[in-house]
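Me: I am new to this structure and would like a close look at one part of it. Could you walk me through how the helices pack and what lies between them?

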Amino acid sequence: MIGLLALTVAAVFAGAAIYVSVAEQPARLRLGDRALLQEWQPSYKRGAAMQASIAIVACVLGLVAWWQTGGLAFAIGAVSIILPWPWTLIAMMPTNRLLEAMDVGTDNPQARSLIVKWGNLHLVRVALGVLATLAFFWGNHLG
């Protein structure tokens, strides 16, 4: 049962990350420069809080499933779903901080290129979420 919960929560994480990459990011990039930043700042703040908490829940559930079953797939899933945390803190945070510090009321000529860069970096979170989901799926079907 815990393994199925881990799978479900990881799939929610992956789905949200995929949505950002295939729907939200392309839509925001069609906006003008000022509106682009105005949309990105609150969207990122809300999305980061949501995805960070989902990742923690999925990781804990995956670790419990691993502890209960000894299944390597659950350990792989737990590690994969928590890896977006260090990825974000190490690789993405410099870009995030630059974008968060920009004043939306003024022209920010570098905002667009930074948001494009952010979108490319976000693809790693998508991949890790999908990997975790597949690992939890595998773990649930081994037992």
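Reply: Happy to; here is a walk through the helix packing, the nonpolar cores and one residue of helix 3. This is a predicted model, in which local features need pLDDT of at least 70 and side-chain atom pairs count only at pLDDT 80 or more, while totals for chains, interfaces and linings use all residues. Residues are numbered from 1 along each chain as its sequence is written, and side-chain values use heavy atoms, with hydrogens and water left out.

Let us start with a pair of helices. Helices here are DSSP runs of H or I with at least four residues, numbered from the N terminus. Helix 1 (residues 2–28) packs against helix 5 (residues 111–142) at an angle of about 155°, and their axes are 8 Å apart. Axes are lines fitted to C-alpha atoms over the stretch in contact, and angles run from 0 to 180 degrees between N-to-C directions. That makes the two helices roughly antiparallel, a term for angles over 145 degrees. Their contact involves 19 nonpolar, eight polar and two charged residues; Ala, Val, Leu, Ile, Met, Phe, Trp, Tyr, Cys and Pro count as nonpolar, Asp, Glu, Lys and Arg as charged, and the others, Gly among them, as polar.

Next come the cores. A nonpolar core is a set of buried Ala, Val, Leu, Ile, Met, Phe, Trp, Tyr and Cys residues joined through side-chain atoms within 4.5 Å, where buried means under 20% relative accessible area, with a 1.4 Å probe and protein chains only. The largest one has 16 residues, and Val9, Ala10, Phe13, Ala58, Ile81 and Phe136 touch the most other members. Helix 1, helix 2 (33–69), helix 3 (72–82) and helix 5 each supply at least two of its residues, and helix 2 gives the most, with six. Apart from this core lies another, of 13 residues, including Val20, Leu36, Trp40 and Leu121.

Phe136 deserves its own look. Leaving aside neighbours within four places in sequence, its contacts (heavy atoms within 4.5 Å) include Ala6, Leu7, Ala58 and Phe74.

Finally, turn to Ile76, which lies in helix 3. Ile76 has a relative accessible area of 34% and is partly exposed, the class between buried and exposed, which is over 50%. Again leaving aside neighbours within four places in sequence, Ile76 is in contact with Ala135 and Trp138. Between Ile76 and Cys59 there are 9.9 Å in space, C-alpha to C-alpha, and the two are 17 residues apart in sequence.

Definitions and conventions: Parallel < 35°, antiparallel > 145°, perpendicular 65-115°, else oblique.
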